[in-house]
Amino acid sequence: MSNPAADSDASRIPEDSVDAALRTVENQISLFWRRGRSISQQLSRQVHPDMEPAAYGLLTVIRREGPIRLTDLASCIGVGKPSVSRQIAFLESIGLVSKDADPLDRRAQAIRLTPRGEEKMHQVQDARREVFRDRLGEWPVEELQALAKYMAKLNATYERDGFPKDGTK
């Protein structure tokens, strides 16, 4: 049974306001995504001039997770094994990763950062943190925490749709 008082509640947001707000969110996320891709391009070039941003993303996962199988790595970032395999071959050719027999299954290989890969990632991630500090360091801590909270909420919404979860510990 419907509650007439609830149905005529003045606090309800008109549908056109929701659509306008969603358009604004979409535009802001698109702009943020384009800027993020540009930053990833710059960071990957700091590691190696021929590196694609996708390979840089793989390095960050490998650094965070430790030795990882190719199939698990592909699953972590939500792309196919052939794409990851091509990027790993490149990273191996420039000495940033190595493949070793997986101690749990000798038929499989675990991918890990080499000491050179670890050093490069340390340098680049320090530089990336400095960029965040330069851009966001003047924000009040409460606003930074609110931003992180809303971004986590947005990411959790997409995880419900089957997108891979971030393994950040």
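What share of the contacts in the protein chain with a separation of 6 or more is accounted for by residues 24 or more positions apart? In this predicted model, such residues account for 51% of those contacts, while buried residues make up 21% of the 169 residues in the chain. The secondary structure comes to seven helices and three strands, and from the N terminus on the elements run α-α-α-β-α-α-β-β-α-α.

The nonpolar core is a natural place to start. In soluble globular proteins, nonpolar side chains tend to be buried together. The largest nonpolar core here has 23 residues, of which Met51, Leu59, Leu73, Ile88 and Leu91 touch the most other members. Two or more residues each are given to this core by helix H2 (15–47), helix H3 (53–65), helix H4 (70–77), helix H5 (81–93), strand S3 (105–113) and helix H6 (115–136), and it is H3 that gives the most, with six residues. Met51 can be followed further: leaving aside its neighbours within four places in sequence, Met51 is in contact with Ser44 and Arg45, with Tyr56 and Leu59, and also with Phe90, Leu91, Ile94 and Leu96.

From the core we turn to the packing of two of its contributing helices, H2 and H6. These two helices pack with their axes 9 Å apart and at an angle of about 145°, in a crossing that is right-handed. On the H2 side, Leu43, Gln46 and Val47 take part, and they meet Lys120, Met121, Val124, Ala127 and Arg128 in H6. Sorted by class, this contact holds five nonpolar residues, one polar residue and two charged residues.

The strands, finally, make up an open sheet of three with antiparallel pairing, in the order S1-S3-S2. Strand S1 (68–69) and strand S2 (97–102) stand at the edges and have a single partner strand each, so that one side of each is left without a neighbour in the sheet. The pairing of S1 with S3 is antiparallel and runs over two bridges, and within it Arg69 has Ala110 in S3 as its bridge partner. S2 and S3 likewise pair in the antiparallel sense, over six bridges, with Ala101 standing opposite Gln109 in S3; these two strands form a hairpin with two residues between them. Strand S3 thus appears in both parts of this account, as a partner of S1 and of S2 in the sheet, and as one of the elements that give two or more residues to the largest nonpolar core.

Methods
Residues are numbered from 1 along each chain as its sequence is written. This is a predicted model: local features need pLDDT of at least 70, side-chain atom pairs count only at pLDDT 80 or more; totals for chains, interfaces and linings use all residues. Side-chain values use heavy atoms; hydrogens and water are left out. A nonpolar core is a set of buried Ala, Val, Leu, Ile, Met, Phe, Trp, Tyr and Cys residues joined through side-chain atoms within 4.5 Å. Buried means under 20% relative accessible area, exposed over 50%, partly exposed in between (1.4 Å probe, protein chains only). Helices (H or I, at least four residues) and strands (E, at least two) are DSSP runs, numbered from the N terminus. Contact means heavy atoms within 4.5 Å. Two strands pair if DSSP finds at least two bridges between them. Axes are lines fitted to C-alpha atoms, for helices over the stretch in contact, and angles run from 0 to 180 degrees between N-to-C directions. A crossing is left-handed if the near helix is turned anticlockwise from the far one by less than a right angle, and right-handed if clockwise. Ala, Val, Leu, Ile, Met, Phe, Trp, Tyr, Cys and Pro count as nonpolar, Asp, Glu, Lys and Arg as charged, and the others, Gly among them, as polar.
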